[in-house]
Amino acid sequence: MISDEEITAAHWSKNVASSDAFSPQLYWLAIPAVQRRFQRKACAGTRHEWWGTYCMEEFFDRPQSSAKMLSIGCGSGSLERELFRLNAFGEFDAIDIASGAIDIARAEARSMGADNINYFVRDVQSVPLGSGIYDAVWFNGSLHHIKHLELVCQSVRAALKPGGWVFFNEYVGANQFAFNEFQRTVISSAFQLLPPAYRRSFQVEHFGKVQHAVQLPDPIEVARVDPSEAIRSQDIRKVLSENFVECALNPCGGNILQFALHGIAGNFVESNPRSMALLEMLFQIEDALISNSFLESDFAVGVMRAP
């Protein structure tokens, strides 16, 4: 019988960041206007344009040339490569359960001469990280795939040097996307506000067809495809706060946009003013619901520090 871990490893070996599933035609955060908005929120309205730069320049207080870092659930390695371009570290270890993703990460790092990034196929939930090794540990969309949050946070805390940093960019909403009825209604209603021409699907099975209803996730199907998906996402903040000191938590929204734009993202392009106006409408609806406490942000960027 195939284990949950094997299903997850196979899924994320195939669905890497460069795959069709994360293309500008399908994926909400691949829409440039949406990504810019997300990064503004992630960086708390500061001058920074990327959450990684925000974390390094606003918080990291150690010599970068000698800093040793770790990325958990690194996928195909985009985070480490971007930090390498910024000369943000001396050495970087990166681990992931998906061997296919690690193969891509190694090849990409090798092609750019990043020989100080070390990639390993490893399950953080079953292999200790060591003691007092790292100046910073990063989670880039990976922490919400971890079931044993307490164990992993304790392992991270042990692996950090005194006062070391944890930086994360995560989905922190409902487990396995089991949204309550209010949020499901809001997503569906926002989707219906889009004119038919902007609800044409880019998914292979529906390509070119107008979608008449939003594709809301079924938690049972979510678990079948990837048992790790958002397995304990709504517990992340609580468990982190039990192990680290919270220095910043920046809500990034996503409560409506993540699924209202799924599969139809390709309809929203910079050269089409009406499509940008429709996006702005969705932005304002989502912001109003979050700022007035009807919803809590489904995504957040956070900065934590080891005691």
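Me: I would like to start with the strands of this predicted model: how many bridges join β2 to strand β3 (residues 117–121), and in which direction do the two run relative to each other?

Reply: Five bridges join β2 to β3, and the two strands run parallel. Within that pairing, D96 stands opposite V121 in β3. On its other pairing, β2 is joined to strand β1 (residues 68–72) by five bridges, again with the strands running parallel, and here L70 stands opposite D93 in β2.

Me: Which helices come between these parallel strands, and what handedness do the units have?

Reply: Helix α4 (residues 78–85) lies in the unit made with β1 and β2, a β-α-β unit that is right-handed. Helix α5 (residues 99–111) takes the corresponding place in the unit made with β2 and β3, which is right-handed as well. Strand β2 therefore belongs to both units, if one reads the two assignments together.

Me: Is strand β2 (residues 91–96) mostly covered or mostly open, and how should I read that for a strand?

Reply: The general idea is that in a regular strand the side chains alternate between the two faces of the sheet. In this case strand β2 is mostly covered, since five of its six residues are buried.

Me: How would I read the burial of a helix, for instance helix α3 (residues 51–58)?

Reply: In an α-helix there are 3.6 residues to a turn, so residues three or four places apart point the same way. Helix α3 is mostly covered, with six of its eight residues buried; the buried residues are W51, G52, T53, Y54, C55 and M56.

Me: Turning to aromatic contacts, how many aromatic pairs does a search of the whole structure find, and how is the geometry of W138 and F167 classed?

Reply: The search finds 19 aromatic pairs in the whole structure. For W138 and F167 the ring centres are 4.7 Å apart and the planes lie at 50°, a value between the limits of 30 and 60 degrees, so the pair counts as tilted. W138 belongs to strand β4 (residues 134–140) and F167 to strand β5 (residues 160–171), so the pair ties together parts that are 29 residues apart in sequence. Both W138 and F167 are buried.

Me: How does the pair of W165 and F167 read on the basis of its ring centres and planes?

Reply: The centres of these two rings are 6.0 Å apart and their planes are at 10°, so W165 and F167 are stacked. W165 and F167 are both buried. F167 thus takes part in a tilted pair with W138 and in a stacked pair with W165.

Me: Which residues form one aromatic cluster?

Reply: The cluster is formed by W28, F38, Y171, F177, F179, F259 and F299. One of its members, F177, lies in the loop between β5 and α7 (181–192), and its phi is near 60°, a positive value in a residue other than glycine. At a relative accessibility of 7%, F177 is under the 20% limit and therefore counts as buried. Q176 lies in that loop between β5 and α7 too, and its phi, near 50°, is likewise positive in a residue other than glycine.

Me: Is the loop residue L143 buried or exposed, and how far is L143 from N169 in space?

Reply: L143 lies in the loop between β4 and α6 (149–159), and L143 is buried, with a relative accessible area of 1%. From C-alpha to C-alpha, L143 and N169 are 8.6 Å apart in space, while 26 residues separate them in sequence.

Me: How is empty space found, and how many cavities of 30 Å³ or more are there?

Reply: Rolling a probe the size of a water molecule over the atoms shows where empty space is left. In this structure the search finds one cavity of 30 Å³ or more, and the volume of the largest cavity is about 50 Å³. Its lining includes F191, Q211, H262 and F259, the last of which also belongs to the aromatic cluster. By class, the lining of the largest cavity has five nonpolar residues, six polar residues and no charged ones.

Me: What is the volume of the second largest pocket, and which residues are the closest to its centre?

Reply: The second largest pocket holds about 330 Å³ of space. Of the 20 residues that line this pocket, V172, G173, E296, S297 and D298 are the closest to its centre. The elements that give two or more residues to the lining are α9 (236–243) and β6 (245–253). The classes in the lining are 10 nonpolar, seven polar and three charged residues.

Terms used. Residues are numbered from 1 along each chain as its sequence is written. This is a predicted model: local features need pLDDT of at least 70, side-chain atom pairs count only at pLDDT 80 or more; totals for chains, interfaces and linings use all residues. Side-chain values use heavy atoms; hydrogens and water are left out. Buried means under 20% relative accessible area, exposed over 50%, partly exposed in between (1.4 Å probe, protein chains only). Helices (H or I, at least four residues) and strands (E, at least two) are DSSP runs, numbered from the N terminus. Two strands pair if DSSP finds at least two bridges between them. A crossover is right-handed if, with the strands pointing away from the viewer, the path from the first strand over the helix to the second runs clockwise. On a 1 Å grid over the protein atoms alone, a cavity is a set of points where a 1.4 Å probe fits but cannot get out, and a pocket is an open set with protein on both sides within 12 Å along at least five of seven lines; lining residues have an atom within 4 Å of a point. Grid points are joined across faces, edges and corners, and a volume is the space filled by probe spheres set on the points. Ala, Val, Leu, Ile, Met, Phe, Trp, Tyr, Cys and Pro count as nonpolar, Asp, Glu, Lys and Arg as charged, and the others, Gly among them, as polar. Rings of Phe, Tyr and Trp (its six-membered ring) pair if their centres lie within 6.5 Å; planes under 30 degrees apart count as stacked, over 60 as edge-to-face and the rest as tilted.
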